[in-house]
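Work through these exercises with the sequence and the coordinates open. Each task is followed by a stepwise solution.

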Amino acid sequence: APAEFSKEQNKIAPGTKIIGDIEAKGGFRIDGCVEGTVRTPGKVVIGREGIVTGELECENADIEGKFTGKLNISGTLSLRSSALIEGEATVSKLAV
């Protein structure tokens, strides 16, 4: 069954560090630090100060910060000039 999508946005604020897996029906804005798997049928934005280490599975992603690990984006991955990506990426569309 397709994953349900929520219009609600989850925010991980600067100074926040989460270790573990996160799964949500809504999108994410990450300005803090996440170590683990982030999974959502929505959009994930990693802000300029955001750091994600692990795995990211989502429809669309907009990265300004740092990502290390495995990206699995079913839609579009948008990379800003400040983005730093290390690891493996599977995407449908890439915008730089």
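## Exercise 1: Strand pairing

β7 and β9 pair in the parallel sense, with 8 bridges between them. The model is predicted.

**Task.** Which residues stand opposite E55 in β9 and T37 in β7, and how many bridges join β5 to β7?

**Solution.**
1. Start at E55. In β9, K70 stands opposite E55.
2. Move to T37. The bridge partner of T37 in β7 is E55.
3. Count the bridges. β5 and β7 run parallel and are joined by 7 bridges.

**Task.** Find the sense in which β6 pairs with β4 and with β8, and give a residue pair for each.

**Solution.**
1. Take β4 and β6. They run parallel, joined by 3 bridges.
2. Pick a pair there. I30 stands opposite I46 in β6.
3. Take β6 and β8. They also run parallel, and 4 bridges join them.
4. Pick a pair again. V44 has A61 as its bridge partner in β8.

## Exercise 2: The nonpolar core

**Task.** For the largest nonpolar core, name the residues that touch the most other members, then trace which strands supply the core.

**Solution.**
1. Take the membership. This core has 19 residues.
2. Rank by contacts. F28, I30 and L56 touch the most other members.
3. Assign strands. At least two residues each come from β4 (27-30), β5, β6 (43-46), β7, β8 and β9.
4. Find the main supplier. β9 gives the largest share, 5 residues.
5. Recall the general trend. Nonpolar side chains tend to be buried together in soluble globular proteins.

## Exercise 3: Salt bridges

**Task.** How many salt bridges are there? Work through the pairs of D31, R39 and R80.

**Solution.**
1. Recall the principle. Side chains of opposite charge can pair when their charged atoms come close.
2. Apply the cut-off. A side-chain nitrogen of Lys or Arg must lie within 4 Å of a carboxyl oxygen of Asp or Glu. The count is 5 salt bridges.
3. Take D31. The side chain of D31 meets that of R29 in a salt bridge, at 3.1 Å from N to O. D31 is buried at 10% relative accessible area, whereas R29 is partly exposed at 28%.
4. Take R39. R39 and E57 form a salt bridge at 3.2 Å, N to O. R39 lies in strand β5 (residues 33-39) and E57 in strand β7 (residues 51-58), so this pair ties together parts 18 residues apart in sequence.
5. Check exposure for that pair. R39 is partly exposed, at 32% relative accessibility. E57 is partly exposed too, with a relative accessible area of 21%.
6. Extend the pair. A network of salt bridges links E23, R39 and E57.
7. Take R80. Its salt bridge is with D62, and the closest N and O atoms are 2.8 Å apart. R80 lies in the loop between β9 (66-79) and β10 (84-95), and D62 in strand β8 (residues 60-63), so this pair also ties together parts 18 residues apart in sequence.
8. Check exposure again. R80 is partly exposed at 43% relative accessible area, whereas D62 is buried at 10%.

## Exercise 4: Cysteines

**Task.** How many disulfides are there, and how far is the sulfur of C33 from the closest cysteine sulfur?

**Solution.**
1. Set the cut-off. Two cysteine sulfur atoms must lie within 2.5 Å.
2. Test C33. The closest cysteine sulfur belongs to C58 and is 17 Å away, too far for a bond.
3. Test C58. The nearest cysteine sulfur is that of C33, at 17 Å, and C58 is in no disulfide.
4. Write the total. There are 0 disulfides.
5. Add the burial. C33 is buried at 17% relative accessibility, and C58 is buried with a relative accessible area of 5%.

## Exercise 5: A surface patch

**Task.** Which residues make the nonpolar surface patch of about 310 Å²? Is L94 buried or exposed?

**Solution.**
1. List the members. V91, L94 and V96 make this patch.
2. Place L94. L94 is in strand β10.
3. Read its accessibility. L94 has 52% relative accessibility and counts as exposed.

How values were computed
Residues are numbered from 1 along each chain as its sequence is written. This is a predicted model: local features need pLDDT of at least 70, side-chain atom pairs count only at pLDDT 80 or more; totals for chains, interfaces and linings use all residues. Side-chain values use heavy atoms; hydrogens and water are left out. Buried means under 20% relative accessible area, exposed over 50%, partly exposed in between (1.4 Å probe, protein chains only). Patches are made of residues with over 30% relative accessible area and no salt bridge: like charges are joined within 9 Å, nonpolar side chains (Val, Leu, Ile, Met, Phe, Trp, Tyr) within 5 Å. Accessible areas come from the Shrake-Rupley method with a 1.4 Å probe; for residues, only the protein chains shown count as cover. Two strands pair if DSSP finds at least two bridges between them. A nonpolar core is a set of buried Ala, Val, Leu, Ile, Met, Phe, Trp, Tyr and Cys residues joined through side-chain atoms within 4.5 Å.
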